[in-house]
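Colleague: Please pick one part of this model and take me through it closely. Start with how far to trust it, then go from the part outward. Keep the sentences short.

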Amino acid sequence: MASSVSTQAMHAPAALETRDLNAWFGDLHVVKGISLSVPQNDVYALIGPSGCGKSTFIRCLNRLHEETDGARVKGEVLIPGAAKADNIYASGVDPVSIRRRVGMVFQKPNPFPGLSIYDNVAVGLKLAGIVRRNILDDVVETSLRQAALWEEVKDKLKKPGTSLSGGQQQRLCIARALAVKPQVLLMDEPTSALDPISTARIEELVIKLRNDVTVLIVTHNMQQAARISNRTAFFLLGELVETGATKEIFTNPKDTRTEQYITGRFG
Amino acid sequence: MKNMKLSAKDRSRKIYNQIWLGVLCLLAFAAIMPLFFIFAYLLVRGWAGLSLSFFTEIPKPVGEVGGGMANAISGSLVLMALAAILGVPLGITCGMTLVELRKSSTAKFLRVAIDLLTSVPSIVVGLFAYALVVVPMKGYSAWAGGFALAIVMVPIVARSTEEILKLVPRSIHEAGLALGIPRWKVLVRLILPGVKTGVTTGVLLALARVSGETAPLLFTAFSNSFGFRGLSSPTASLPVQIYTYATSHDETWRQLAWTGALVLVFVVFCLNLLTRILMRRT
């Protein structure tokens with residue numbers, strides 16, 4: 001089904017590739033044999049109705065899925081340079097080292113309570129042992145600029161991260177993820193808890209982020225996928241139905257189920 | 001006619017309501033009466049002996065007038081500090097382990113064990129500390145007393161830490177993990193600082209609890225009448241001193257016991273008040 005896109009993707013080096021990836025919650029098989037390839041510096045949207053496994057899928061890409069009780073993963077996820085033979089599920093690979101390369105932004109803004117705006121951004125580096133003040137200052141500013149938050153918070157970096165508005169908190173979380181310089185950034189419905197203006201700001205910044213990082217974004221909002229992504233995958237009941245250039249998927253889907261979904265006949 | 005009848009019924013219902021409300025208030029009042037009686041009685045009997053010398057002087061021999069409980073006060077402070085140093089890190093670690101292991105069978109086992117430890121009579125804890133510390137050290141000591149009190153503190157601190165940590169949303173844990181921070185660092189460096197007021201509250205409650213413990217100290221820290229002489233010597237404490245003096249035949253000593261009880265209750269009261277204030281702030 002995905003063959004035409006995969007061949008396209010072959011030309012650009014893949015930032016991430018999954019091979020026959022499966023995930024379970026106990027006995028519940030929620031991700032079923034997904035193989036897809038994400039080219040470098042893409043914004044790759046994952047769309048599909050609720051419960052189709054797209055969130056679980058991206059939680060497998062930074063080995064976070066396994067942190068849930070009873071969760072299980074089978075298959076390969078290849079990220080160049082992240083592990084031996086690039087497979088992050090190869091035996092002996094430390095999930096911690098993978099998560100440094102694959103950042104994540106969650107559905108609800110979740111800044112660390114009790115930490116200042118500055119520390120929320122710097123904490124990833126600080127706990128990795130980087131303590132030089134000038135380096136941290138630099139990274140904090142760069143990351144907050146990348147997340148389009150610098151101008152709003154530069155005078156109150158010592159205030160708690162939780163004192164910001166919801167939209168600002170989410171951009172803080174993006175800055176926090178960017179501060180550790182990930183190769184890939186996973187975003188799990190990052191705007192679903194936000195108002196339209198905050199959503200627009202985050203969409204703008206995601207488009208800009210493309211230059212620095214490969215983005216995989218799960219979204220319920222098809223307009224959002226159309227606005228910000230250059231490639232889209234459609235998930236249904238844990239399976240990958242179709243992938244392709246976003247324009248193609250939205251104007252000329254090959255699978256009737258994709259067409260039904262994007263025209264609003266279910267989901 | 002019909003209306004009249006109804007209103008008569010209404011009236012009797014109102015009277016019944018008043019009566020039962022009165023009974024309930026009385027019973028509720030009766031339940032907390034002991035607290036007021038204790039306070040009032042301690043104030044009446046203890047106030048007379050309250051003076052600077054009570055806090056600064058050591059007890060005088062039987063028959064002599066004057067003296068204070070400086071030995072017991074300093075000893076209690078030492079014992080509580082020792083208990084906190086030994087018990088708090090252990091209790092907090094235990095609470096964190098419970099949260100981290102969540103529903104695993106190890107966590108279930110630990111939880112039952114901790115609840116059992118909470119209900120072990122404190123005199124038994126004292127015996128345990130006697131066998132484990134006093135016998136090998138060949139003598140009563142502050143170490144032994146602090147150790148016994150620490151055992152009483154651990155389960156209280158562990159369970160309160162667990163409850164507080166459970167209130168932290170899972171998404172905060174995940175945010176830390178997703179940054180490539182190891183699990184233990186997420187807990188110690190990111191989650192714990194966010195709930196430090198809550199954890200402190202648990203620690204203070206545990207301290208309030210052990211500040212009045214007598215039984216575990218009777219044959220561990222024992223007592224002395226000359227003040228603190230080092231961690232390896234017998235050490236006096238307010239509860240044990242009160243116990244000894246209250247049962248003595250010397251009038252001056254009995255007065256010291258009353259005043260000591262007043263001071264002890266006041267300290268516990270203050271610790272409880274402090275936890276309330278902290279809790280309201282969170």
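Modeller: What follows covers confidence, then the chosen strand, then its surroundings.

Residues are numbered from 1 along each chain as its sequence is written, and chains are lettered from A and ligands numbered from 1 in the order in which they are written. The model is predicted, so to speak of local features requires pLDDT of at least 70, side-chain atom pairs count only at pLDDT 80 or more, and totals for chains, interfaces and linings use all residues.

Confidence comes before detail. pLDDT is the predictor's confidence in each residue, from 0 to 100. Chain A has a mean pLDDT of 91, with 95% of its residues at 70 or more. There is a weak stretch: residues 1–10 of chain A have pLDDT below 50, and beyond near neighbours in sequence they make 13 contacts in the model. A contact here means that two C-beta atoms, placed from the backbone, lie within 7 Å. Where pLDDT is low, the predicted coordinates should not be read in detail. Chain B also averages 91, and 98% of its residues score at least 70. For the complex, the predictor gives an ipTM of 0.89 and a pTM of 0.79.

Now the frame. Chain A has 11 helices and 9 strands. Helices (H or I, at least four residues) and strands (E, at least two) are DSSP runs, numbered from the N terminus. The C-alpha atoms of chain A fill a box of roughly 55 × 45 × 35 Å along the principal axes. The radius of gyration of chain A is 18 Å, which agrees with the value near 18 Å for a compact globule of 267 residues. That radius is taken over C-alpha atoms, and the globule rule is 2.2 Å times the number of residues to the power 0.38. Of contacts in chain A between residues at least 6 apart in sequence, 67% join residues at least 24 apart.

The part I picked is strand 7 of chain A, residues 214–218. Is this strand enclosed or open? All 5 of its 5 residues are buried, so strand 7 is largely enclosed by the rest of the structure. Buried means 20 or more other C-beta atoms within 10 Å of a residue's own, exposed means 12 or fewer, and partly exposed lies in between; the C-beta atoms are placed from the backbone. Across chain A, 48% of the 267 residues count as buried.

In a regular strand the side chains alternate between the two faces of the sheet. In strand 7 of chain A, both faces are covered. Thr214(A), Leu216(A) and Val218(A) lie on one side, with Val215(A) and Ile217(A) on the other.

Take Leu216(A), in strand 7 of chain A. It counts as buried because 27 C-beta neighbours fall inside 10 Å. Leaving aside neighbours within four places in sequence, its contacts include Val38(A), Tyr44(A), Leu46(A), Ile58(A) and Leu61(A). Val184(A), Leu186(A) and Met187(A) are also in contact with Leu216(A). Glu204(A) is 12 residues from Leu216(A) in sequence and 15 Å from it in space, C-alpha to C-alpha.

Next, the partners. Two strands pair if DSSP finds at least two bridges between them. Strand 3 of chain A, residues 43–47, runs parallel to strand 7 and is joined to it by 4 bridges. Val43(A) stands opposite Val215(A), and Leu46(A) has Val218(A) as its bridge partner. Strand 6 of chain A, residues 184–188, also runs parallel to strand 7, with 5 bridges. Leu185(A) is the bridge partner of Val215(A) there. From strand 6 the chain passes through helix 8 of chain A, residues 196–209, to strand 7, and this β-α-β crossover is right-handed. Right-handed means that, with the strands pointing away from the viewer, the path from the first strand over the helix to the second runs clockwise.

Strand 3 of chain A is itself mostly covered, with 5 of its 5 residues buried. Val43(A), Ala45(A) and Ile47(A) point one way, and Tyr44(A) and Leu46(A) the other. Strand 3 also runs parallel to strand 8 of chain A, residues 231–236, through 4 bridges. Tyr44(A) has Arg231(A) as its bridge partner in strand 8.

Last, the contact between the chains. It takes 21 residues from chain A and 17 residues from chain B. On the chain A side, helix 3 (95–101), strand 5 (102–105) and helix 4 (117–126) each give two or more residues. Helix 3 of chain A has the largest share, 4 residues.
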